[in-house]
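Let us go through this structure by question and answer, taking one feature at a time.

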Amino acid sequence: MENSVTQNGIATVLSNQSTDSSSVRPEIVVQVVDLKPVGNRYTFNANDGKMKIKAMLPATFRSDIISGKIQNLGLIRLLDYTANDIPGKSEEKYLLVTKCEAVAPPLDAEIKAEIKASTGIMLKSKQEFVAKSASQIINEQRANAAPAARMAITRRVHPLVSLNPYQGSWTIKVRVTNKAVMRTYKNARGEGCVFNVELTDEEGTQIQATMFNAAARKFYDTFQMGKVYYISRGSLKLANKQFKTVQNDYEMTLNENSEVEEARSEEMFIPETKFNFVPIDELGAYVNQKELIDVIGVVQSVSPTMSIRRKNDNEMIPKRDITLADETKKTVVVSLWNDLATGLGQELLDMADNYPIIAIKSLKVGDFQGVSLSTVSRSNVVINPDSPEAAKLKSWYDSEGKETSMSTIGSGISSSANNGSRSMYSDRVCLSHFTSNPSLGEEKPVFFSTRAYISFIKPDQTMWYRACKTCNKKVTEAMDSGYWCEGCQKKDEECSLRYIMAVKASDSTGEAWCFAFNDEAEKIIGCTADELNKLKSSEEGEANEFQTKLKEATWSSHLFRVSVSKQEYNSEKRQRITVKGVSPIDFAAETRLLLQDISKNKTSQ
């Protein structure tokens, strides 16, 4: 057999595979293109001059690749292999090569379709190819390679997904996708400096690397945005969820002895952007948390560019709001800032009539108007991405989404942040969390969300106070007639009643007394304090309307946002639970919350 690629070899393989998977596989000669390590395996494109197909070599071929027997742009003969479907892409296949032999050393260039296979390719003999020992080949490659390339030759490159804190030596090849500024700090151990970078490998996996003091000063100028580096001799630990900015269970620390070398002469790569989409109707659980989220949606509207003055330096920065919708039939407003507002925002405005699909990575979830999203410096926006999620969303919107009535994601969430408001589905606890922790709220009020029933409302308590109709502050009766407001410094002939009442809440873990003020109490009772007072004034006999109204309010389930604080009463500090928000039960969201808890429990077990 000639030492040349087999004409139409790949087409023959695929044809045999589709007609009869048990047929004898033809031995074909192909050129190895784009050979690179992925974990403990190697991938490449098999090229027959007219057609290419993705292929994979298992770890058993590592010695042949390290020794240089199998090299990029070289020729190999495939002796045993199988054609498999690529996950998620059923129409595409790849070859898993289990047996092959080297035919020829690297050619000067990749074989193109213009080269006729009939003319053949003149190659060195096989004997001449294997004349040098493996150690000679490696030493020659080391001598001619750049420092970063030498690191790649001497150590196998590991994908980020394979790293863990208990692993020995490793080398990674990553691109810097975000670089923070150098910060100084001061604590009990003294002063220092720190900075971090976000690193992404070819598969799209990310990790945050942090450097302190001497290491920070050593590598700060070394790391440049967008460049690719080989890194080794770092350490890993479990990521602090409070400060992590990427989706990875671990974070990396580099010290003075770590090795960081730019991959100057190596083949560069563009990381594949991996998304972990959160449905719009589940965004409430992430309100005001440090964790950044990814979202995909159909663009419903795009606002003009506006200028916002930044508080810390009074600089005017551009902003543009876009409204997204998804299959949950909910919409959310996303604020684009700086270049995203002027550049990409204008592009979206021009194509808004076509309702494009956009995927956005790394968004901050805020509580403006209930729930809102905002881009940060590391946010990445992809318009009409080529992904199964985008195709599914596009199909839904074209078939039924256009005619569907959408509602904003904001029910059950207060827009006020100064009272600790967050989603009714975040930091959820049971009532026993309060009763079993008497020290809660000692230093300052703490906030939680809970779901409970109103089990008892004491009918003979003072449920309201007389309030000024202007400022809602407490008023006193004037000497002659009417009511005097100390806050407004004026007298009014009339006043209004505002709730201030205690209710007992119960759930499966226990019960607790809670205090509710006017707006929250109105949602619990179902009427205003003035209306309830009229019912109480006209009570007749035992079965009066006032008592009936209180009974109707009991054993009703609500979502509560509460604050827990310490108040002194008769020289004794007592725990006080105050209702800050009341919302009806969203049973769909409750079901998703339960499913998440079940999934977490299964994972932990």
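**Reading helices, cores and rings**

Q: How can the length of helix H7 be checked against what its residues should span?

A: Helices, like strands, are DSSP runs numbered from the N terminus (H or I over at least four residues for a helix, E over at least two for a strand), and the expected span is 1.5 Å times one less than the number of residues. Helix H7, residues 339-350, has 12 residues and should therefore span 16 Å, which agrees with the 16 Å between its end C-alpha atoms. This is a predicted model, in which local features need pLDDT of at least 70 and side-chain atom pairs count only at pLDDT 80 or more, while totals for chains, interfaces and linings use all residues. Residues are numbered from 1 along each chain as its sequence is written, and side-chain values use heavy atoms, with hydrogens and water left out.

Q: Which residues of H7 are buried, and what do they pack against?

A: An α-helix has 3.6 residues a turn, so residues three or four places apart point the same way. Buried means under 20% relative accessible area, exposed over 50% and partly exposed in between, with a 1.4 Å probe and protein chains only. In H7 the buried residues are Ala341, Leu344, Gly345 and Leu348; they cover an arc of only 120 degrees around the axis, taken from the directions from the axis to the C-beta atoms, so they lie on the same side of H7. They pack against strands S14, S16, S17, S18 and S19, whereas the face turned away from the buried side carries the exposed residues Asp339 and Asp350.

Q: Which residues have the most contacts inside the largest nonpolar core?

A: In soluble globular proteins, nonpolar side chains tend to be buried together. A nonpolar core here is a set of buried Ala, Val, Leu, Ile, Met, Phe, Trp, Tyr and Cys residues joined through side-chain atoms within 4.5 Å. The largest has 33 residues, and Phe434, Ile457, Tyr499, Ile525 and Leu532 have the most contacts inside it; strand S26 gives the most to this core, with 5 residues.

Q: How far apart are the ring centres of Tyr453 and Trp555?

A: Rings of Phe, Tyr and Trp (its six-membered ring) pair if their centres lie within 6.5 Å, and planes under 30 degrees apart count as stacked, over 60 as edge-to-face and the rest as tilted. The centres of Tyr453 and Trp555 are 6.4 Å apart with planes at 50 degrees, so this pair is tilted. Tyr453 is partly exposed at 37% relative accessible area, and Trp555 is exposed at 58%.

Definitions and conventions. Contact = heavy atoms within 4.5 Å.
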